[in-house]
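Hi everyone, thanks for making time. I'd like to walk you through a structure that most of you haven't met yet, so let me put it up on the screen.

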Amino acid sequence: MRFPERSSGVLLHISSLPSQYGIGDLGPSAYHFASTLSEAKQRYWQMLPVTPTDAGSGYSPYSSPSAYAGNVLFISPELLFNQGFLSKNDLKSAPSFTKGKVDYPQVTAWKSALFQISYAAFQKRRTHNNAEFESFFEANRSWLEDYSLFSALKSHFNGKSWNYWPADLRSKSAHILDIVRVNLHERIEYEIFLQFVFFTQWQELKKRCNALDIQLIGDMPIYVSYDSADVWTNSNLFQLDTSQHPVNVSGVPPDYFSKTGQRWGNPLYDWETMQLDNYSWWHRRLQQTLSMFDLVRIDHFRGLSAYWSIPAKDSTAEKGEWRIGPGAQFLQSIARKFPSLPLIAEDLGTITADVRELLTNFDLPGMKVLQFAFDDDISENAYAPHNVAEHCVLYTGTHDNNTANSWYSKETTAKQKDLLQLYIGSDVTTSNIHRHLLRLALCSRANLVILPMQDICGLGEESRMNTPGVAKGNWTWRLTDEEYADEWAYLLSLTEIFGRT
């Protein structure tokens with residue numbers, strides 16, 4: 001896939017949008033943000049995964065009970081009101097939410113109550129809404145039927161992981177599942193309703209963005225969670241034992257940053273079994289994601305070439321081993337299904353020759369990050385603005401990096417600060433480094449530049465989205481109205497100067 005022209009965009013997750021309802025959503029605040037992007041001549045809006053999150057994973061969008069479903073916390077109360085499912089008094093019942101942060105338990109409790117009210121209103125008007133509802137269900141039956149059943153069972157068992165359910169349910173006994181569908185019919189319908197609302201609101205947002213010449217970039221984690229509808233439904237596609245527990249799990253080996261490596265814990269794919277039906281599970285997953293986004297970033301792309309396999313019994317990643325991934329055969333299958341290959345490869349970190357060969361052979365853009373440009377000899381550093389290739393996506397930082405301002409003040413050495421000063425050619429301070437990095441990114445050769453909203457606004461470490469290896473406090477940052485206004489004119493001027501309009 002090739003970007004047609006020089007352009008730029010912004011990285012901001014839906015949860016981080018300003019909103020009076022405790023979390024960003026798909027309603028007026030998203031519409032306003034899209035309009036602001038358009039006015040600043042930004043052509044892309046990149047988000048993190050929009051699949052459901054839960055408390056058990058710290059509300060990480062990269063650990064979800066479904067690779068297909070939408071995160072219902074992003075449903076807009078205002079749009080529910082516009083649809084006649086809520087009253088003004090329902091909206092006025094909103095508690096005083098924490099400013100600048102998402103309090104997930106508080107948001108979940110309040111929105112769950114709204115959803116119950118909305119579902120009751122929907123049921124009363126079922127004849128009026130039924131055709132559209134049934135059409136949605138039929139179009140999404142391939143994943144929605146299993147997901148709604150899985151969610152209903154999770155609720156019935158008070159959130160227990162599916163491997164702790166009764167044996168007949170773990171093994172998906174057809175007879176028992178038929179009984180469950182009758183007994184839990186109301187809860188299953190409720191889960192389908194929430195997905196119906198989410199995707200109705202989502203498609204309206206996408207329609208508005210595309211009308212403004214803004215393309216949406218989604219994010220697809222390469223692995224899925226063990227406690228998910230995907231693994232429960234398709235256990236034969238994963239490396240599980242006869243008791244349906246993982247044999248091997250995902251991670252990365254020990255390196256300079258971690259002596260014991262990283263044990264992510266996701267079940268690994270049984271690639272040989274997936275190959276038997278030409279990777280149809282992946283085709284369906286990508287089809288769903290590309291119905292929502294114009295482009296998709298595949299996280300940990302190198303896992304398609306080779307992946308670190310860790311014995312599930314091990315508590316660290318030290319005793320893992322490299323195993324060959326599906327590589328070119330897999331991508332050829334994807335290319336036949338999606339000829340334009342609208343994919344971005346997350347290829348950060350140590351990348352081997354076989355991974356680079358895949359990127360070249362399938363013409364996939366990789367990623368570059370400016371914060372990594374000042375670690376070595378900058379004359380040859382692949383992340384330096386004068387070295388990055390045209391066919392890549394350049395970021396000042398990602399959701400896993402500190403903000404530009406805090407990176408400069410807390411994570412750079414005196415030598416790096418001197419190098420930045422020399423490279424930029426003017427005074428560099430904690431308060432202006434974000435502007436300098438924006439300029440470096442936008443004037444670079446990269447055809448696409450994506451800028452985190454925190455760096456556009458010049459925010460500090462309190463606005464960091466995620467700190468890898470830290471279990472709590474991530475994924476909560478929210479943009480406030482006060483932080484919204486000041487830097488857009490500067491971004492517009494740089495976008496125009498460097499021909500990204």
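I'll go through the core, then the cysteines, then the empty spaces, and end with a few individual residues. One thing to keep in mind throughout: this is a predicted model.

Let's begin inside. The largest nonpolar core is made up of 160 residues. Which of them have the most contacts inside that core? Those are Phe33, Trp45, Trp282 and Met453. As for who contributes, helix α8 gives this core its largest share, with twelve residues.

Let me zoom in on phenylalanine 33. If you skip its neighbours within four places in sequence, it is in contact with Val10, Leu12 and Leu17, and also with Trp45, Met453, Tyr484 and Trp488. Notice that Trp45 and Met453 are back again, from that list of residues with the most contacts in the core.

Okay, cysteines. How many disulfides does the structure hold? The count is zero. Take cysteine 392, which is in no disulfide: the nearest cysteine sulfur belongs to cysteine 443, and that one is 13 Å away. Cysteine 457 is in no disulfide either, and there the nearest cysteine sulfur, on cysteine 209, sits 18 Å away. Are these two buried or exposed? Cysteine 392 has 3% relative accessibility, so it counts as buried. Cysteine 457 is at 14% relative accessible area, and it is buried as well.

Now for the empty spaces. I'll take a pocket before the cavities. The second largest pocket has a volume of about 740 Å³. Its lining is built from 26 residues, and the ones nearest the centre are Thr53, Asp54, Thr108, Arg187 and Glu191. Which helices should you look at here? Try α4, residues 104–124, α5, residues 126–156, and α8, residues 185–211, since each of them supplies at least two lining residues. And yes, that's the α8 we met in the core. If you sort the pocket lining by class, you get eleven nonpolar, eleven polar and four charged residues.

On to the cavities. A search of the whole structure turns up three of 30 Å³ or more. The largest has a volume of about 220 Å³. There are 22 residues lining that largest cavity, with Pro49, Thr51, Ala67, Pro221 and Arg285 nearest its centre. Strand β3, residues 215–220, and helix α11, residues 280–292, are the elements that give two or more residues to the lining. Helix α11 has the largest share, at four residues. By class, the lining of the largest cavity splits into 13 nonpolar, seven polar and two charged residues.

The second largest cavity holds about 150 Å³ of space. It is lined by 17 residues, and closest to the centre you'll find Thr398, His399, Pro452, Gln454 and Met465. Its lining divides into six nonpolar, nine polar and two charged residues.

Let me finish with some local spots. Valine 355 is in helix α13, which covers residues 353–361. Why does valine 355 count as buried? Because its relative accessibility is 1%, and the cut-off for buried is under 20%. Not counting residues up to four places away in sequence, valine 355 touches Phe301, Arg302 and Ser305. Its C-alpha atom is also 8.5 Å from that of glycine 327, which is 28 residues away along the chain.

Next, helix α14, residues 404–411. Its buried residues are Ala404, Asn405, Ser406, Trp407 and Tyr408. The elements covering those buried residues include α15 (414–424), α16 (433–443) and α17 (453–457).

Last stop: backbone angles. Most residues other than glycine have a negative phi. Asparagine 278 is not a glycine, yet it has a positive phi of about 65°. Tyrosine 279 also has a positive phi, about 60°, and it isn't a glycine either. Where do they sit? Asparagine 278 is in the loop between α10, residues 271–276, and α11, and tyrosine 279 lies in the loop between α10 and α11 too. Their surroundings are worth a look on screen. Asparagine 278 is partly exposed, with a relative accessible area of 34%, whereas tyrosine 279 counts as buried, at 2% relative accessibility.

That's the tour, thanks for listening.

Technical notes
Residues are numbered from 1 along each chain as its sequence is written. This is a predicted model: local features need pLDDT of at least 70, side-chain atom pairs count only at pLDDT 80 or more; totals for chains, interfaces and linings use all residues. Side-chain values use heavy atoms; hydrogens and water are left out. On a 1 Å grid over the protein atoms alone, a cavity is a set of points where a 1.4 Å probe fits but cannot get out, and a pocket is an open set with protein on both sides within 12 Å along at least five of seven lines; lining residues have an atom within 4 Å of a point. Grid points are joined across faces, edges and corners, and a volume is the space filled by probe spheres set on the points. Ala, Val, Leu, Ile, Met, Phe, Trp, Tyr, Cys and Pro count as nonpolar, Asp, Glu, Lys and Arg as charged, and the others, Gly among them, as polar. A nonpolar core is a set of buried Ala, Val, Leu, Ile, Met, Phe, Trp, Tyr and Cys residues joined through side-chain atoms within 4.5 Å. Buried means under 20% relative accessible area, exposed over 50%, partly exposed in between (1.4 Å probe, protein chains only). Contact means heavy atoms within 4.5 Å. A disulfide is a pair of cysteine sulfur atoms within 2.5 Å.
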